[in-house]
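Me: Please take a close look at one residue and its surroundings here. Then work outwards to the rest of the structure. Short sentences, please.

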Amino acid sequence: MKKYISLALTLLGFSILAGCATPKNDQLADAHHSYNNAAINPQVTNLAALELKDADNTLNKADYALVNGESTENVNHLAYLAKQKVMIAEEAAKRKTAELAVTNATASRNLTRLQARTAEADDAKQQVANIQETADQQALALAAANARAARDQEIIAQQDVLLKELNARKTKRGLVVTLGDVLFNTNKAQLKSSGTRSMQKLADFLNKYPQHKVLIEGYTDSSGSESLNQKLSERRAETVRNTLGSMGISNERIGTQGYGEMYPIVANDTAANRQMNRRVEIILSDESGNIGKR
Amino acid sequence: MMKKPHQPGSLQVTKIVISLIAVLFISACASVPAPTEQIAISNEAVKNANSAGSSEFAPVQFRSAMGKMEAANRAMQEKKYALARQLSEQAQVDAQLALEMTRAAKAQKASDALQEDNRVLRQEIDRKTK
C-alpha cells in the first residue's frame with residue numbers, strides 16, 4: 001500500500017516537472033508550426049538555407065526566453081520575429097525559384113532562336129540548292145538540245161553532200177536523180193559501168209538512210225513502136241531495181257514504173273533531144289517513205 | 001490643526017516608497033540603453049522596402065513596418081527604450097519580409113513574361129517552318 005502511494009507521488013512529481021519544462025505560449029507554438037512547415041519544403045531548405053537558419057536561431061531565443069520565464073510580451077516578440085523570418089525564408093525561396101526560371105527561360109529562348117535561325121539557314125540553303133539544281137537541269141537540257149541540233153545539222157550536211165554527188169534535182173515530187181541514155185547500152189536495158197557507179201552512190205545513200213524509198217520510172221523517145229518503147233522503159237526501170245537489189249537494197253523499198261514515150265522532157269525533133277528523153281528517173285521519197293504522184 | 005490628518009511617521013513611509021519606486025524606474029531606464037543602432041538598421045530596412053516598391057507589391061507588410069517604425073520613434077522620444085527596441089526589431093523583419101515579397105513577385109512576373117514570350121516565339125517558329 002505504501003509502495004503504491006510513493007509511486008503515485010512520483011508520477012505526480014514528474015507531471016509537475018513536465019508541466020514546468022514546457023510552459024505554454026500560443027504564438028511561439030504558432031511560430032514552431034510555421035518553421036516546421038518551411039523546414040520540410042525542399043525549395044526553402046535548398047534555396048533559402050541561410051534565411052531559414054536565421055529563423056531557427058530566433059526561434060531558439062524565443063524558446064530560451066520562455067523556459068527562463070521571461071515576460072510573455074518578450075516571448076511573443078521573439079516568436080513574432082521568428083515567424084516573420086520563416087516567411088522571409090519562404091519568400092526568398094520563391095524569388096530564387098523564379099530567378100532560376102528566368103535564367104532557364106532565357107537559355108531556352110536563346111536555344112529556340114538558334115533553332116529558328118538554323119532552320120531559316122537550312123531553308124535558304126535548300127532553296128539555293130533547288131535553284132542550282134533547276135539551273136543545272138536546264139543547262140543539261142540545253143546542252144542536249146544543242147547536241148541534237150548539231151547532230152541534225154551534221155546529218156543534213158552529210159545528206160546534202162551525198163545528194164549533190166548523186167546530182168539530185170529538187171522537184172515538187174521530191175528529189176529526182178536522172179540516169180541519162182548514155183548510161184545504158186543503146187536500145188538495151190543493160191547499164192554501162194559508169195551507170196553502175198552512179199547506182200552505187202544511190203545505194204550508199206539508201207543504205208545510210210533506210211527510211212527513204214525510191215520509185216524508178218523509165219522513159220523513151222517517140223521513135224520505134226509504142227509497145228516496144230513501153231517494154232524498154234519497164235525493163236530499164238527493172239534493171240535499175242535489180243542493180244540496187246544486188247547492192248543490198250531490198251525490193252520493198254523500190255517501186256518501178258515504165259512510161260514509154262509519155263512525158264518527154266523536150267520535143268522529139270532532134271537526135272540530141274530524143275537522147276534527152278531516153279532516160280530513167282529515180283524519185284527519192286521523204287523520210288516517211290512518201291513519194292509525190294505523177 | 002485639523003489640516004494634518006496624517007501622522008508624521010506614515011508620511012515618512014510614503015516618501016520612502018515613492019523614492020524607491022523612482023529609483024527602480026531610473027535603474028530600469030539605465031539598464032536599457034537607447035537602441036540607436038537598431039533604429040538606424042530598421043530605418044534602412046524600411047527605406048529599402050519602400051524604394052523596391054513594396055507599397056505596391058506587399059502593402060500589408062509594408063504598412064505594418066511603417067507603423068511600427070513610427071511607434072518606435074515615438075517610444076525613443078519618450079525614452080521607452082525597451083519598447084523602442086522591440087518595435088524597431090519588428091519593423092525591421094516586417095520591412096525585410098515586404099522587400100523579399102516584392103522581389104519574389106517581380107521575379108515571378110519576369111519569369112511569367114519570359115515564358116509567355118518563349119511560348120509565342122515557339123508558336124511563331126512552328127508556324128513559319130510549316
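Reply: Start with K68(B), which counts as buried because its relative accessibility is 16% and the cut-off for buried is under 20%. This is a predicted model, so every value here is computed from predicted coordinates. K68(B) lies in helix α4 of chain B. Its side chain has a polar partner: a contact of 2.8 Å joins K68(B) to the side chain of D94(B).

Now the wider surroundings. Setting aside neighbours within four places in sequence, K68(B) touches L87(B), Q90(B), A91(B) and D94(B). Y80(A) is also in contact with K68(B). D94(B) thus appears twice, as a contact of K68(B) and as its partner in the 2.8 Å polar contact.

The contact with Y80(A) leads to the interface. There, 26 residues of chain B meet 27 residues of chain A. The area buried between the two chains is about 2300 Å². Carbon and sulfur atoms give 62% of that area.

Next, the polar side of the interface. Twelve residue pairs are in polar contact across the interface of chain B and chain A, both residues being at pLDDT 80 or more. Which helices of chain B each supply at least two residues to the side that touches chain A? They are α4 (59-77) and α5 (81-129). The most comes from α5(B), with 24 residues.

Charge pairing between the chains comes down to one salt bridge. R95(A) and E100(B) form a salt bridge, with the closest N and O atoms 2.5 Å apart. These two residues belong to a network of salt bridges that links R95(A), E99(A), E100(B) and R103(B).

Over all chains, the search finds 18 salt bridges. In general, side chains of opposite charge can pair when their charged atoms come close. Three more examples follow.

Take E238(A) and R241(A) first. Their closest N and O atoms are 3.7 Å apart, and the two form a salt bridge. Both sit in helix α7 (residues 226-246) of chain A; they are three residues apart, so about one helical turn separates them. The two ends of the pair can be described by accessibility. E238(A) is partly exposed, at a relative accessible area of 30%. R241(A) is buried, at 19%.

Chain B has a salt bridge between K47(B) and E44(B), with the closest N and O atoms 3.8 Å apart. These residues are three apart in helix α2 (residues 36-51) of chain B, so about one helical turn lies between them. K47(B) is exposed, because its relative accessibility is 55% and the cut-off for exposed is over 50%. E44(B) is partly exposed, with a relative accessible area of 38%.

E78(B) and K80(B) form another salt bridge, with a closest N to O distance of 3.1 Å. E78(B) is partly exposed at 47% relative accessibility. K80(B) is partly exposed too, with a relative accessible area of 44%.

Now the aromatic rings. The whole structure holds four aromatic pairs over all chains. One of them is F205(A) with Y209(A): the centres are 4.9 Å apart and the planes meet at 45°, so the pair is tilted. F205(A) is buried, at 1% relative accessibility. Y209(A) is buried as well, with a relative accessible area of 6%.

Y259(A) and Y263(A) form an edge-to-face aromatic pair, at 5.2 Å centre to centre with 80° between the planes. Y259(A) counts as buried at 13% relative accessibility. Y263(A) counts as partly exposed at 36%.

Both residues join Y219(A) in one aromatic cluster. Y219(A) has a charged neighbour too. The charged end of R279(A) sits over the ring of Y219(A), 3.8 Å from the ring centre.

Back to the starting point. K68(B) is a buried residue in helix α4 of chain B. Its contacts include D94(B) in chain B and Y80(A) in chain A.

Methods:
Residues numbered from 1 in each chain as written. Chains lettered and ligands numbered in written order. Predicted model: local features only at pLDDT ≥ 70, side-chain atom pairs only at ≥ 80, totals over all residues. Heavy atoms only, no water. Phe/Tyr/Trp six-rings, centres within 6.5 Å; stacked < 30°, edge-to-face > 60°. Buried < 20%, exposed > 50% of the residue type's maximum accessible area, 1.4 Å probe, protein only. Lys NZ or Arg CZ within 6 Å of the ring centre and 35° of its normal. Contact = heavy atoms within 4.5 Å. Buried area = accessible area lost by both parts, 1.4 Å probe. Salt bridge = Lys/Arg side-chain N within 4 Å of Asp/Glu carboxyl O. Polar contact = N/O pair within 3.5 Å; in protein donor to acceptor, adjacent residues only side chain to side chain. Helix = DSSP H or I, 4+ residues; strand = E, 2+ residues; numbered from the N terminus.
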